[in-house]
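Visitor: Please take a close look at one part of this structure, the pairing of aromatic rings. Where do the paired residues sit, and how are their rings set against each other?

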Amino acid sequence: GCTDPDALNYDEYATTDDGTCIYTITQDLYLDGVILNNVSLYHDPIESDIEDIFSDVNIVLATNDEGDYYIPGNNVNTIGDWELGKGYQVLVGGFEDVEVSIEGYPIDASQNPIELQPFLLNNVAYLLDEPSSVETVFDGLPVIFVSDDSGHYYIPGNNVNTIDSSGGMKPGKGYQVLISGTESVDLVYGEPDDSGLGRSVAIVGASDHYDITRTGVSHPIVIDEITGSVSEGDELVAYADGIAVGVAPVNMNGTSLVVAWKSLYEYGIESDGYYDGDEIELRLYSQELGRELMVTANFNAENYGDVPVTIGNIHVLDDYVTPVEFGLNQNYPNPFNPSTTIDISVALEGHILLNVYDVNGRLVSTLADGVYDAG
């Protein structure tokens, strides 16, 4: 039996150690101070109450996929005990990265199936203590997509797998999973399989031309075909309400994936990012021209939040997004009743005065008198 008094299964009557001793495991969770972290445990915590787990950490909130919350600042705790197999989204206060060490009992991942429910964005734990291929883990399951809080995605129907190219599924990470069909299925982890995993450390949304705010909550835009004025090295940029919310290099030889980051407005934080219902706008940054070009898109949805995955094709126009000269365009419609639209092009930020006069030269109305951004 086990002759080590420090082991969980110490046998005081054993005379020979047979190598069966079981010990507690300490797992470190790393929480980014500026995003909504998605984390999980691969052991069964000794102190399972979420208040005990985060007792020494400034937590704004923690939540799971069932709508339960732990909000210590408001004395809210509908989560209670940390549930084995679940991923948890955690927002820390103070904008500083923190590390939490959690002691727990070892588990057999193969004996702990995780139920994936239909019509739900399941937030599941990664129950292995070594990285593994997401393609192997979900082999044979009706997966629409799997994602993490870093903007990596596995979308098998569109041959997208940036999870494995960035190192695979990893201990400590939680993963959001959407399945097809109307029946629940079980996710059962086998042995870790790290064959074919990439080691890319590139940050999703990193760019020399754009400062993208990563929030931990994202939306995938899958582009199957790109035509028009596009070249290797150009970047696709996702916009929402005039703000760049995602950027990715163009893939000239296959599918391009642009990850758009969502604002954390639902959690009371007015961060940059798209809001559900915002119109999806794409532009292309041309490395050769050093400017943005207009893009027309044929997508399965027009707005963020309409569908789980935006899919389609785009065409890049040979037109600048920002005008290169000032211009006053013909009003439309003309003639009109009761209203008409007048477009002006502003090449540089500056003061714009736009007056309307009648045929006798008398001022009818001042439509614009102020500082306008370029556009």
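Guide: A residue is called buried under 20% relative accessible area, exposed over 50% and partly exposed in between, with a 1.4 Å probe and protein chains only. The model is predicted, so local features need pLDDT of at least 70 and side-chain atom pairs pLDDT 80 or more, while totals for chains, interfaces and linings use all residues. Residues are numbered from 1 along each chain as its sequence is written, and side-chain values use heavy atoms, leaving out hydrogens and water.

Rings of Phe, Tyr and Trp (its six-membered ring) pair if their centres lie within 6.5 Å; planes under 30 degrees apart are stacked, over 60 edge-to-face, the rest tilted. Seven aromatic pairs meet this rule. In one of them, Trp82 and Tyr88, the ring centres are 4.2 Å apart and the planes stand at 40°, so this pair is tilted. Trp82 and Tyr88 are both buried, and ring pairs join them with Phe54 in a cluster.

Another pair, Tyr126 with Tyr189, is edge-to-face, with 5.5 Å from centre to centre and 85° between the planes. Tyr126 belongs to the loop between strand 10 and helix 2, and Tyr189 to the loop between strand 15 (185-187) and strand 16 (218-228), so their pairing ties together parts 63 residues apart in sequence. Helices (H or I, at least four residues) and strands (E, at least two) are DSSP runs numbered from the N terminus. Tyr126 is buried at 0% relative accessibility, and Tyr189 is buried at a relative accessible area of 2%. The loop that holds Tyr126, between strand 10 (122-125) and helix 2 (134-137), also holds Asp129.
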